[in-house]
Amino acid sequence: MTALAIDNIGLLVTCEPTLGDGPLGVVRDAALVIEDGRVAAIEHAGVSADERIDAERRCVIPGFVDSHTHLVFAGDRADEFAARMAGRPYQAGGILTTVKATVEASDDELRALAAARLLEGRRAGITHVEIKSGYALTVDGEARLCALASELTDDATFLGAHVVPASYADRPDDYVALVCGPMLDAAREHVRWIDVFCERGAFDAEQSRAVLETGRDAGLGLRVHANQLGPGPGVQLAVALGAASADHCTYLTDEDIEALAGSDTVATFLPATDFATRQPYPDARRAIDAGVAVAIATNTNPGSSYTTSMAFCIALAVRDLRMTLEEALLAATAGGARALRRKDIGRLAPGCRADAVVLDAPSPAHLAYRPGVPLVRATVVGGRVIE
């Protein structure tokens, strides 16, 4: 068994408090020993190993866990973004523009586009992603997107209930029946999760419940797009059904926060979306202080968050969501893992997958302190350095 060591680490952030100082579990003057793709041990700097990466006193953190993305799509919506910056409000219906471009693209085109975005994110420190479908809205099309997503991650999500297609505009309940029946049957073998866009302009509470309950009965975990465009039933529905995550959470009532705090459902904030849509930023401070478990994700998609930069999301979280740097970093690593109900990623602890990021900085504070600066010196996924 060959051992790899990331050695001469000035500051190692484990995101496991039992391994070091403070909530980030900080270890100084450290070496991270990796065997067979997993963390084997945390040692003092200067350890011997078959292979060695010299961190040169830099900071090393766990790889970012991006628990909400839409990586498989074609086309872009730059014109829509420009119009929004000029004053047009964001609406869910723009999704149909991406549906058209995606349906017209071949498997190989979609595969190449998604792989390029995945690599872009990895070079920016994202070592694990969740990927949703939702840009086909037909039985065969959604199955195709779920299959393509599953080639890139073991956290693929069926999102047939993304928006009601034009052909079902006057009969949305018929579309919900299609999602819950033939579409789910075709997609389920490729995915771990089911999601629904519970929002005005998309699916109401009753329709969303039908989608989620059918998915749960089929053995899938639950995720919910909730409370993005205004107060609504999404968060309460997510909690009531035991969803792993309620995502967006831009508008949270006191009752929503109380429900989240008393549950295992993670509130996943998507601050780059609020930046790109000019929506208000969610009050993460209020949620965290109430005991809500939180995550941060990029929501990479062409309409409302075309970024693969988790560092950008962390900077926004610290400045505009009123999170501390420690809270934001935990939300982007261990929090993302919790939103995916995984214990093997998001931390650098013995037994965890060896997903690590060497920062060209002495501490993780630089992720927010130096916004927009590419600080990732090296990304390691499963013990392998990404080129």
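In the predicted model, helix H5 (residues 172–187) lies across strands S9 and S10 and runs at about 150° to S9. The two strands beneath this description, S9 (residues 156–161) and S10 (residues 193–198), are paired in the parallel sense over three bridges. Within the pair, Phe158 stands opposite Ile194 of S10. Helix H4 (residues 139–150) also packs on the sheet, where it touches S8 and S9, and its direction makes about 160° with that of S9.

The sheet to which these strands belong is open and has seven strands, in the order S8-S9-S10-S11-S12-S13-S14, with parallel pairing. Its edges are formed by S8 (131–132) and S14 (294–296); each has a single partner strand, so one side of each is left without a neighbour in the sheet.

The largest nonpolar core comprises 90 residues, and the members touching the most others are Val13, Ile61, Phe64, Phe158, Phe269, Ile314 and Met323. The element that gives the most to this core is H5, with eight residues. Phe158, the residue placed opposite Ile194 in S10, is thus listed among the core members with the most contacts to other members. For Ile61, when neighbours within four places in sequence are left aside, the residues in contact are Val13, Leu329, Leu348, Asp355, Ala356, Val357, Leu359, Pro364 and Leu367. Val13 therefore appears both in this set and among the core members that touch the most others. A second core, separate from the one described above, has 17 residues, including Ile9, Ile34, Ala378 and Val380. In soluble globular proteins, nonpolar side chains tend to be buried together.

Definitions and conventions: Residues numbered from 1 in each chain as written. Predicted model: local features only at pLDDT ≥ 70, side-chain atom pairs only at ≥ 80, totals over all residues. Heavy atoms only, no water. Pairing = 2+ DSSP bridges. Helix = DSSP H or I, 4+ residues; strand = E, 2+ residues; numbered from the N terminus. Contact = heavy atoms within 4.5 Å. Axes fitted to C-alpha atoms, helices over the stretch in contact; angles between N-to-C directions. Core = buried A, V, L, I, M, F, W, Y, C linked by side-chain atoms within 4.5 Å. Buried < 20%, exposed > 50% of the residue type's maximum accessible area, 1.4 Å probe, protein only.
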